[in-house]
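Q: I would like a close look at a single part of this structure, taken slowly and with the surrounding details brought in where they help. Please begin with the strands and then move on to the charged side chains.

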Amino acid sequence: MDETSPEAAGPLTRSFAPGPAMRWIAALLVVYAVAFAVFYPPTVTVTDENNYVRQAQLVLQGGPTVERVDPVTGDISEFRPLNEYPLGTALLLVPFVAAGGRGAAHWLPLLCVLIGVWVTACWLRDQGRSPFFAVLVLAYPATLVMGRVAMSEAPSLALVACGLWLYFRGLRGPEGGAAAWLGAGFLAGASLAFREANVLLFAPFFLGSLVRRERGWWWLAVGGLLGVGVRLASAAAFFGDPWFAKSPDEFALSALADTLPLYGTSLLVLVPGGLATALLYRGPRRPELVGTVFVFFCFHLLYEYSGEPSGWAKRLVLGPRYFIPLLPLLALASAERWPVWARSFAARLSVERAAKLERRAAQGIPVAGGAIAAAIVAVQWMHFDWARGQAAMRDAIEAHTVPGSVVVSNLRATGKFMDYVEGGRVVVPRDAVGRREAELLLEAVGSFYVVLLDRSDADFWRRDAFDNEMFVVGLRRDPSLLVDLRSSPTDRLRIWRFGEEGDAAETPAPEAKDPERD
């Protein structure tokens, strides 16, 4: 039932009216914030998250490099850790990291999710739609998880929601339109400093205003140029090159086999009818909205990443997370389409049956709200519980390796636990060390640590765990095992010290078992 229809005044319509709906959104956001604070993330849990936090640390330090000591020769060189991402997320993280260190970084995604959901609700209300549909942004599983991770998804959500809200406000006319479009243009341009794909969520709308020759369209252009200046200036200051960009990602039609089932399910089931509502949308700026959703969806379908190396459970978040900034548009389309479909269905029923069905649906609103609140708390707790295991591994590494020592590790798995900026350890990739290099290390520094994390949640990681075994066997020594920690059914961390008393110079090489033969 559409709350904008004068003759519609049933209980379901009243539940979806702006006042009650905004109160529902506010209550759910309070639940989200309280659950977040109670189950605050205990550590960085994603490798890319570590990259963003490290960028913020380097910004505070004043440059993109850190000093690295060659453990064999003692030579000091400038080393730039992997930090190729646009600088926007790191700049927003700076005040949090400056105030509370790496552990305070998680407050940023919380703040961004609160802003993104609330602004989406305000935008829907301004468009004459029920703000209740903003719950689709909050209840999306990837939002609930990535809202706890200091990466670019949550800031992008906030930027896109605010930018599109301002754009639609500017459509109202000259009064306030110039300022709104200037702000929308600035946020669109600045979104390039977070994720390059964000611009796809603005470009069709801005192009539509240009094609229609709408009065004041050039304010969008001016704001956009100013926003792009943020990307260029930050890259010039940090990387020394205003045009610096991450190495191009790979796109291919072959990616569809992995991405289409995963992303299609995410945007049709996890956002109920989301893609369908967008393609069938009949509200203002229909061509722009349909085109935006179609282009953004296809862009990521062809992107060769689906999170497969992380296992099926994490894939449900790591792949669909790319669509978090798209959710405000899907919420608008849903808020326009679902009431139309509900009225069409009700028109086929008798008046009494339709009224009875509406009463039952209205009674289900509190149940749905309670279920969403319970899901919010459950996801926060589950992520917290899993992250405690990650924190235990981080703490074990810090407790059993000495600052200033050499640490050899399989960094694809353990890199998120390594603080290259302030950690004070010389970190060496596992694959850069063989038996000869190990002997040189022992001659130069006397001892070194080997930190290996075995994961079994995907074939990629099972092969990496086998490589860990082959690495230890290949060194042909009998080191001291300091830690053997199973933090979860799929994660096992081991730490050895090579060079201590009792480390045999030569031991027979036992046979390692290849998981590919199992």
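Q: How many bridges join strand 3 to strand 4 (residues 426-429), and in which sense, parallel or antiparallel, do the two run?

A: In this predicted model, strand 3 and strand 4 (residues 426-429) run parallel and are joined by four bridges. One of the residue pairings can be named, since Val408 has Val428 of strand 4 as its bridge partner. Strand 3 also pairs with strand 5 (residues 448-455), again in the parallel sense, and here the pairing extends over three bridges; within it, Ser409 stands opposite Val451 of strand 5.

Turning from the partners to the faces of the strand, strand 3 (residues 406-409) is covered on both sides. Val406 and Val408 lie on one side, Val407 and Ser409 lie on the other, and all of them are buried. Val408, the residue with Val428 as its bridge partner, and Ser409, the residue opposite Val451, are therefore both buried, each on its own side of the strand, where buried means under 20% relative accessible area.

The charged side chains can be taken next. Arg430 and Asp431 meet through their side chains in a salt bridge, with a distance of 2.9 Å from N to O. The two partners differ in their surroundings, because Arg430 counts as buried at 6% relative accessibility, whereas Asp431 is exposed, with a relative accessible area of 67%.

A further salt bridge is formed by Arg477 and Glu439, whose closest N and O atoms are 3.1 Å apart. This pair links distant parts of the chain, 38 residues apart, with Glu439 in helix 19 (residues 435-445) and Arg477 in the loop between helix 20 (459-475) and strand 6 (480-488). Arg477 is buried, its relative accessible area being 16%, while Glu439 is partly exposed, at 25%.

Elsewhere, the side chains of Arg231 and Glu196 meet in a salt bridge of 3.3 Å, N to O. Here too the link is between distant parts of the chain, as Arg231 belongs to helix 11 (residues 217-239) and Glu196 to the loop between helix 9 (174-190) and helix 10 (203-211), 35 residues apart. Arg231 is buried at a relative accessible area of 12%, and Glu196 counts as partly exposed at 37% relative accessibility.

These pairs are among the 20 salt bridges that the structure holds, and Arg125, Asp126, Arg169 and Arg172 are linked in a network of such bridges.

Conventions:
Residues numbered from 1 in each chain as written. Predicted model: local features only at pLDDT ≥ 70, side-chain atom pairs only at ≥ 80, totals over all residues. Heavy atoms only, no water. Salt bridge = Lys/Arg side-chain N within 4 Å of Asp/Glu carboxyl O. Buried < 20%, exposed > 50% of the residue type's maximum accessible area, 1.4 Å probe, protein only. Pairing = 2+ DSSP bridges.
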